[in-house]
Amino acid sequence: MARKRITVCSGCLDTFPDNDLYDVYREMHKGHPEKGHYRTPYCEKCIKDTDSYFKISKEPKNKK
């Protein structure tokens, strides 16, 4: 029997099933945007804070 995959939201640090999270791009260093971006998981609650990420890279499979 397969286990459900659990992932931690980078915004609030709560655990969620992997299919319920967004993938967003965040800046590596806020003071130096030329350093690049990285991808991290965000939950439905944290996605509303649009100042904390650059753009959404993937929508959740189980969108509410």
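## Aspartate 23 and its surroundings

Aspartate 23 counts as buried, with a relative accessibility of 14%. The value falls below the cut-off, since buried means under 20% relative accessible area. The model is a predicted one, and aspartate 23 is a useful place to start reading it.

Side chains of opposite charge can pair when their charged atoms come close. Aspartate 23 meets lysine 58 in this way: their side chains form a salt bridge, at 3.7 Å from N to O. The two residues belong to distant parts of the chain, with aspartate 23 in strand 3 and lysine 58 in strand 5, 35 residues apart. Lysine 58 is partly exposed, and its relative accessible area is 40%.

Aspartate 23 also forms a salt bridge with the side chain of arginine 39, again at 3.7 Å from N to O. This pair too links distant parts of the chain, because arginine 39 lies in strand 4 and aspartate 23 in strand 3, 16 residues apart. Unlike aspartate 23, which is buried, arginine 39 counts as exposed, at 55% relative accessibility. A search of the whole structure finds 2 salt bridges. Asp23, Arg39 and Lys58 are linked by them in a network.

The salt bridges involve strands 3, 4 and 5, and the next step is to see how these strands are arranged. Strands of a sheet pair through backbone hydrogen bonds, either parallel or antiparallel. Here 3 strands form an open sheet in the order 4-3-5, and the pairing is antiparallel. Strand 4 and strand 5 are the edge strands, each pairing on one side only. From one strand to the next, the twist averages 40°.

The two pairings can be taken in turn. Strand 3, which covers residues 22-27, is joined to strand 4 by 6 bridges, and the two run antiparallel. One position in this pairing is tyrosine 22, whose bridge partner in strand 4 is tyrosine 42. Strand 3 is joined to strand 5 by 3 bridges, and these two strands also run antiparallel. Tyrosine 25 stands opposite lysine 55, which is in strand 5.

Tyrosine 42 leads on to another kind of contact. A pair of aromatic rings is described by the distance of the centres and the angle of the planes. The whole structure contains 1 aromatic pair, according to a search. Its members are tyrosine 42 and tyrosine 53, with 5.9 Å from centre to centre and 75° between the planes. The pair counts as edge-to-face, because the angle is over 60 degrees. Tyrosine 42 lies in strand 4 (residues 37-42) and tyrosine 53 in the loop between strand 4 and strand 5 (55-58), so the pair ties together parts that are 11 residues apart in sequence. Tyrosine 42 is buried, with a relative accessible area of 2%. Tyrosine 53 counts as buried as well, at 13% relative accessibility.

Threonine 7 belongs to an earlier part of the chain, in strand 1 (residues 6-8). Threonine 7 counts as buried, at 16% relative accessibility. Its side chain makes a polar contact with the side chain of aspartate 18, at 2.9 Å. Which residues does threonine 7 contact, leaving aside its neighbours within four places in sequence? They are Asp14, Thr15, Phe16, Asp18, Leu21 and Pro41.

The last stop is asparagine 62, in the segment after strand 5. Asparagine 62 counts as partly exposed, at 44% relative accessibility. Leaving aside its neighbours within four places in sequence, asparagine 62 is in contact with Asn19 and Asp20. Asparagine 62 and leucine 21 are 41 residues apart in sequence, and their C-alpha atoms are 8.3 Å apart in space. Leucine 21 has appeared already, as one of the contacts of threonine 7.

Notes
Residues are numbered from 1 along each chain as its sequence is written. This is a predicted model: local features need pLDDT of at least 70, side-chain atom pairs count only at pLDDT 80 or more; totals for chains, interfaces and linings use all residues. Side-chain values use heavy atoms; hydrogens and water are left out. Rings of Phe, Tyr and Trp (its six-membered ring) pair if their centres lie within 6.5 Å; planes under 30 degrees apart count as stacked, over 60 as edge-to-face and the rest as tilted. Helices (H or I, at least four residues) and strands (E, at least two) are DSSP runs, numbered from the N terminus. Buried means under 20% relative accessible area, exposed over 50%, partly exposed in between (1.4 Å probe, protein chains only). Two strands pair if DSSP finds at least two bridges between them. Axes are lines fitted to C-alpha atoms, for helices over the stretch in contact, and angles run from 0 to 180 degrees between N-to-C directions. A polar contact is a pair of N or O atoms within 3.5 Å; within protein, one must be able to donate a hydrogen and the other to accept it, and residues adjacent in sequence count only if both atoms are side-chain atoms. Contact means heavy atoms within 4.5 Å. A salt bridge is a side-chain nitrogen of Lys or Arg within 4 Å of a carboxyl oxygen of Asp or Glu.
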